[in-house]
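Visitor: I'd like to know what stands behind the labels people put on a model like this one. Could you take me through them?

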Amino acid sequence: MFNCCRYLNKTGACRQRFVLLFFLIIFVILFDIPAFAHKVSIFAWVEGDTVYTQSKFSRGKRAKNSSVIVFDSDGNKLLEGKTDENGEFSFKIPKKTALKVVLKASMGHMAEWTIPVEEINLEAVSNNSKPESDIKDSYETSSKSQSINSGSDLSALSESHGISRQEIKRLIDESLDRKLSTIMNMLADSYGGGPSLTEIIGGIGYIFGLVGVAMYFTSRRKRNNDSGS
Amino acid sequence: MHISEGVLSPAILTGGAALTVIGVGIGLKSIDYEEIPYMGILTAGFFVASLIHIPIGPASVHLVLNGMLGLILGWKAFPAILVGLALQALLFQFGGITTLGINTLNMAFPAVICYYLFGWGVKKNSGRLVFIITAFAAGCCAVLFAGILVGLSLYLNGDAFLPAAKLLVAAHLPVMLIEGILTATCALFLRKVKPDILEGYYV
């Protein structure tokens with residue numbers, strides 16, 4: 001590298017070349033890192049058949065009145081809405097697919113969040129399409145049939161077990177969603193906060209390091225010029 | 001002020017990046033050994049300024065300080081702002097790596113414009129009133145022009161220009177005022193402590 005510097009120095013452009021080279025190196029390093037940057041952030045989570053989203057700017061200010069657009073895995077637009085005063089927006093899951101939730105805040109700010117297909121509860125979605133009373137009816141009739149024909153009718157028993165298992169699963173899901181909602185809210189609150197002190201100090205350190213490197217190379221060039229003349 | 005990734009089309013991103021490369025080239029050409037520490041300190045100031053949020057107005061806005069950089073550094077504001085923005089994108093997730101070019105252009109070009117518009121007044125032997133007014137105007141207008149440029153970038157992307165620019169300028173009105181005062185204060189301080197900074201180191 002220093003040989004190269006000496007060589008370039010003959011052409012009289014060592015310093016500029018080196019500063020340029022340095023920025024080039026920074027660029028190469030930067031472009032290697034996957035781009036995930038956003039100044040607004042959106043956090044989305046599933047509760048039963050509904051997706052809740054919370055949007056905010058860094059430092060916790062909520063993104064009010066921003067449009068939220070939901071895409072499926074193929075990039076088709078499913079629905080669109082606006083966030084409320086708290087930066088929140090919720091919608092019923094329209095179909096079983098991975099959902100990409102895109103937030104478009106004002107002034108060129110944008111963020112997205114993807115909900116993988118595994119997180120979407122198929123039964124909750126299909127129950128959503130089925131009227132609630134229907135399930136209750138079937139549950140009641142099945143429990144009735146169970147109490148009347150206790151043990152005598154095997155086929156009726158197995159059928160009732162099947163339904164009640166489904167019912168239990170649904171109830172567990174519901175209560176889990178209820179219990180986890182506080183944790184989800186906490187997660188949403190902590191997601192996308194402002195930068196920490198470590199990052200700030202680190203950034204300033206980077207700048208001073210860059211100054212040092214730039215000065216090193218320019219001083220080399222200066223010394224070379226002095227000794228040359 | 002930071003445009004996020006995925007908002008603008010690739011054509012605008014490359015155009016902005018190309019213009020930024022030209023600006024950075026001009027800036028680097030005029031760097032002198034003695035100026036590098038100033039550039040570093042101002043870059044650090046720019047880097048941290050974006051963390052100071054102004055809780056007034058409809059959206060989340062923060063200080064930019066591009067007027068001050070332009071006034072002192074001239075064309076060298078381009079490389080300084082580029083480094084500041086790169087670190088902000090990397091560490092704070094403000095803006096983004098792909099939008100680095102257009103964001104640098106949007107903030108550094110107004111800095112250079114303000115340097116040419118108001119730089120003549122911010123000298124050690126100009127009158128005190130002229131000095132304060134031009135420094136204030138530089139800090140103020142750099143943010144204003146940056147807002148207009150961001151609006152223009154969004155307009156080129158297909159958004160309506162006037163609503164976007166109006167919103168941007170309205171959101172940054174308090175910032176403009178604060179930056180004007182800040183730039184004037186800093187320039188006055190520099191005039192008292194180290195007037196050479198305002199004098200010799202121009203393009």
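**Sheets, helices and their labels**

Guide: Sure, starting with chain A: strands E1-E2-E5, in that order, make an open three-stranded sheet with antiparallel pairing. This is a predicted model, where local features need pLDDT of at least 70, side-chain atom pairs count only at pLDDT 80 or more, and totals for chains, interfaces and linings use all residues. Residues are numbered from 1 along each chain as its sequence is written, and chains are lettered from A and ligands numbered from 1 in the order in which they are written.

Visitor: What makes E1 and E5 of chain A stand at the edges?

Guide: Strand E1 (40-47) and strand E5 (88-92) of chain A each have a single partner strand, so one side of each has no neighbour in the sheet. From one strand to the next, the twist averages 20°.

Visitor: How do you know that E2 and E5 of chain A are joined?

Guide: Two strands pair if DSSP finds at least two bridges between them. Strand E2 (residues 50-57) of chain A has five bridges to E5(A), running antiparallel, so by that definition they pair. A:Thr53, for instance, has A:Phe89 in E5(A) as its bridge partner.

Visitor: Which order do the strands of the four-stranded sheet have?

Guide: That open sheet in chain A runs E4-E3-E6-E7, with antiparallel pairing. Strand E4 (77-82) and strand E7 (109-115) are at its edges because each has a single partner strand. E3 (residues 67-71) and E4 of chain A pair over five bridges, and A:Ile69 has A:Glu80 in E4(A) as its bridge partner.

Visitor: What counts as a helix or strand here, and how many does chain A have?

Guide: They are DSSP runs numbered from the N terminus: helices are H or I with at least four residues, strands E with at least two. Chain A has six helices and seven strands.

Visitor: Over in chain B, why is H1 called oblique to H5?

Guide: Helix H1 (residues 10-29) and helix H5 (residues 100-118) of chain B pack at about 50°, with axes 7 Å apart. Axes are lines fitted to C-alpha atoms, for helices over the stretch in contact, and angles run from 0 to 180 degrees between N-to-C directions. Under 35 degrees is roughly parallel, over 145 roughly antiparallel, 65 to 115 roughly perpendicular and the rest oblique, so H1(B) is oblique to H5(B).

Visitor: And what about the pair H3 and H6 of chain B, at what angle do they pack?

Guide: About 120°, with their axes 7 Å apart. That makes H3(B) oblique to H6(B) too. The contact residues divide into eight nonpolar, four polar and no charged. Here Ala, Val, Leu, Ile, Met, Phe, Trp, Tyr, Cys and Pro count as nonpolar, Asp, Glu, Lys and Arg as charged, and the others, Gly among them, as polar.

Visitor: Why is H3 of chain B called mostly covered?

Guide: A residue is buried if 20 or more other C-beta atoms, placed from the backbone, lie within 10 Å of its own, exposed if 12 or fewer, and partly exposed in between. In helix H3 (residues 66-73) of chain B, eight of its eight residues are buried, including B:Met68 and B:Leu71.

Visitor: What do those buried residues of H3(B) pack against?

Guide: Their partners include H2 (36-49), H4 (77-92) and H7 (161-193) of chain B, where contact takes C-beta atoms, placed from the backbone, within 7 Å. After H3(B) comes B:Gly74, with a positive phi near 65°.

Conventions: Two residues are in contact if their C-beta atoms, placed from the backbone, lie within 7 Å.
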